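Good morning, colleagues. Please take a moment with the sequence and the model before I go through the computed descriptors.

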Amino acid sequence: MARMNMIQAINSAMDVMMARDPDVIVMGEDVGYFGGVFRATAGLQAKYGKTRVFDTPITECGIIGVAVGMGAYGLRPVPEIQFADYIYPALDQLVSEAARLRYRSAGEFTAPITVRSPFGGGIFGGQTHSQSPEGIFTHVSGLKTVIPSTPYDAKGLLIAAIEDNDPTIFFEPKRIYNGPFDGHYDRPSKNWSAHPGGEVPEDYYRIDLGTANVVRAGNDVTILAYGTMVHVAMNTIETLGIDAEIVDLRSLVPLDIETIEASVKKTGRCVIVHEATRTGGFGAELSAQVQERCFHHLEAPIERVTGFDTPYPHSLEWAYFPGPVRIGDALKKVMKD
Amino acid sequence: MSDASRRSNLPPLALHVPEPKFRPGDAVDFADVTVPPVDAARRPDTSERADAFHDLAFGLVRVLDMDGTAGGQWNPRLSPDAMRRMLRNMALTRAFDERMFRAQRQGKTSFYMKSLGEEAVSIGAAAALADDDMCFPSYRQQGILLSRGCNLVDMMNQIYSNRGDKLMGRQLPIMYSEKDFGFFSISGNLTTQYPQAVGWAMASAAKGDTRIAATWCGEGSTAEGDFHSACTFASVYRAPVIFNVVNNQWAISSFSGFAGAEATTFAARAVGYGIAGLRIDGNDALAVYAATKWAAERARTNQGPTLIEHFTYRAEGHSTSDDPTQYRSAGEPNAWPLGDPIVRLRDHLIGLGEWDEARHAAMDKELSDQVKAAQKEAEKNGILGHGMHQPFDTMFEGVFEEMPPHLREQQAQMRAERASAGVTVGGNL
C-alpha cells in the first residue's frame, strides 16, 4: 500500500497495465515527454519508450480515429483528451466508430480503447475547462462510461477499463485530483493523505465496471452521486446530521441498478446529484429508472441537484456548482414529505 | 453594421458559388480536361523527399494511351496473365454490380451502390498490394473484395440481410466487413476510416510488422475534418499508409468544385502535409497498379505515406436512391475523355495479341453466369423483407462483448412483446 493522490493512482494504473501488456499504449496531447498537463502520464515515456507513450498533434478526432485503428490492429490504446470540454471534435469517431465497431462487424473488429479525460468544475475553469459531458456518452449504445471518486477507485477502475474489450470513456474529476473536495471552496483544500481512498496498492488490482459503491450506509434518504459530488454530498449530510445512504455509482454504463434499487427501496427517498446540466442529463435517466422500479416505495418525489442549464460560468461558479447549500435544500425538501 | 457612407468607395464583395460546367440537357465537351501523354510523368525513386512531388501532384500519371498502347516510365510491364487477371476482376465487379443493382430494382434488397467506371481503382490497387495489407475502404471499393477472392454468395448474403449474412442483418447493404480478406468494416460515416487506417499503420510500424495499410475516400469526402487529421498524423509519424482519393467528379449531386477542385488538385493536398502526392489516370488499371506498387514500396521501406488521386468518373448514379439526370448532363459518362477502364485494358491486351473479342465475350458470359448462380444460391438464404432471417433477439448481441444487465432486460422485454403479438424468436415479424 502507498499513499497516492488521484493523479498518481491513475499514473500507477497505466504503469501497471503497460508492464503487464505490451499492447497497451498511451497517446495524447502533451502526454509523452512532458508527462501530461496534469502529470498523469509522468515518467511513462522514459520507462516504456516513445513508441508506446507519445505526444500527438492537436486533433481530437485524429487521436480517437487513430486509436480505433490501432485497436483494430490489436493494440489496446489509452488515448487522453486533455479536457472533456475538448472531446467534441472526436464525437464522430466515438459515437459512429468506436461504439459501433463490434456491433456492425459482428465482432470481426473491436475498439478496446480507454479514453481518459479530466472533467468537471469547481476550479474556476470557466466554460471550456469545467464541463461534465457524461450524459452525451451514456446515451451512446456501445460505450461504457466510468467516473471514479477516489484514488483507490481510480486505479482499480482504470485497470478494469483498460482490460475491458469495449470502448470506455473514463472521466477523471480534476477537482479531486489532489484531494477530496467537500464543496466549501472558501475553506483550505484538503489532500488525500487523510482519506481512506488515498490508500492505494502499488500492484495490480481491479474494480469491476458496473459495480456501485455504497460509501455510507443510511436509512432516511438515498443520494445517487459520482465523482466530486460524492464528497460534497458526504460533507453536506454530515453537517446537517442526515442519515443518508450515499451510493457512488462509479460506472454509469453499465449501471449497477440493483444496488440503487435496493437502497431506494430501503430509504424511500432519492436525491440525485451531478455537476452536469439538468435537462437530458444522466440524472434524468436515474430518476426514471428509480421511479419505474421503486414507485411503490417512494415517499417523496425524486429530487435532482444539478448544474443549471447554462454554459459553465466563470465568476459565478459557486452559485452554479451543486454545493452543500443546494444539496442541503433538496435533502430537506424530500425529508419533509 | 459597417459605416456605408465611409466605405462607399469600395467595390462590393461577391460570393463565389461553384457551378458545374454541364447541367441536364447541356451538350458536353470535356476539352478543358488535360490528358497528358503517357511519357509525360517522371517516376521518382520511392525515397524521394515529399516536397519534390509538385509536378506529379498536378500532372497525370498514365500508362495506357487511349489507343491501347502502354508506355512511359510508369509502365509496370506486367505479364499478360497478370493483366488478364485484372481484366477479369474488373469485369467480375461490373457483372456483380449490374446483378445487384437489378436485385434492388426488383425489390429484393433496400439499397445498392455501383462502382461503374471506377473498377480500375480497386482492382489495380488490390493487384499491387499484398493480400495481408489492410484496406480501409469506402463503400465503392467492392472490387478489392472480389479481387481478393471473397465469396460472391457471402457478399450477396450481406446485401440481402438474409440468414447467411454474417453481419446478422445489422448493416445496410454493401457495408461489408471481411477481416479475413483484409477489408475493414465499412461505416456510413464518411472518411472516418482515414485516421483509422493511419492508426492501423502506426500500430504495424510500432510492432515492427511488415504490413501496410491503404485507405480510400471520394474527392467529396476530402472536405471532412478526418481527412486533415489523418494526413497530419500520417505525416508526423511517417505512417506506412496509402491514401487514395477517388476523384470521380461527383459527390452525390455536388461536383468536385464543392470539394475545392476549381482551385487545385486533390493530389496537391499532399504537398502541404509533406506527403508524396501522385495524380493518376484512374481509368488506367496499369497506372493504378504502378502507382500503388510504388506507394507500397515507399511505405514498406519506412519512407512514409503517399496520397494518390485517382482521376476518374462516376458513370452511374450515386446509389440506387439517386437519379443523376436531375443534376448533370446525361452525356457526361460517354464523353469522359479517359474512357472506360475495362475497354482500355481489353484493347491493350488485344493489341498485344493476348486477348480477343471472342474471349472477352465468353468471359463476360461466364462471369454473368457465375454471378447469377451465386445470386440463386444467396437467395436460398432469403431476401430482405421476406420474413425474419435472424432471430429478433440477436439485435441485442454484440453491442458489448458481454451483454450488460440493461440490455438483457430490454431483450427479455422484447421477447415478451413479441410473444404477446404471437411471434416466436425465429418466426415472422
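What percentage of the 337 residues of chain A count as buried? The value is 65%, where buried means under 20% relative accessible area, exposed over 50%, and partly exposed in between, with a 1.4 Å probe and protein chains only.

Some conventions. This is a predicted model, in which local features need pLDDT of at least 70 and side-chain atom pairs count only at pLDDT 80 or more, while totals for chains, interfaces and linings use all residues. Residues are numbered from 1 along each chain as its sequence is written, chains are lettered from A and ligands numbered from 1 in the order in which they are written, and side-chain values use heavy atoms, with hydrogens and water left out.

I turn to the overall dimensions of chain A. Its C-alpha trace spans about 60 × 45 × 40 Å along the principal axes. The radius of gyration, taken over C-alpha atoms, is 19 Å, which agrees with the value near 20 Å for a compact globule of 337 residues; the globule rule is 2.2 Å times the number of residues to the power 0.38.

Contacts, meaning heavy atoms within 4.5 Å, come next. Of those in chain A between residues at least 6 apart in sequence, 78% join residues at least 24 apart.

Finally, one residue of chain B. Lys372(B) counts as partly exposed because its relative accessibility is 40%. Its C-alpha atom is separated by 8.7 Å from that of Phe96(B), and the two residues are 276 residues apart along the chain.
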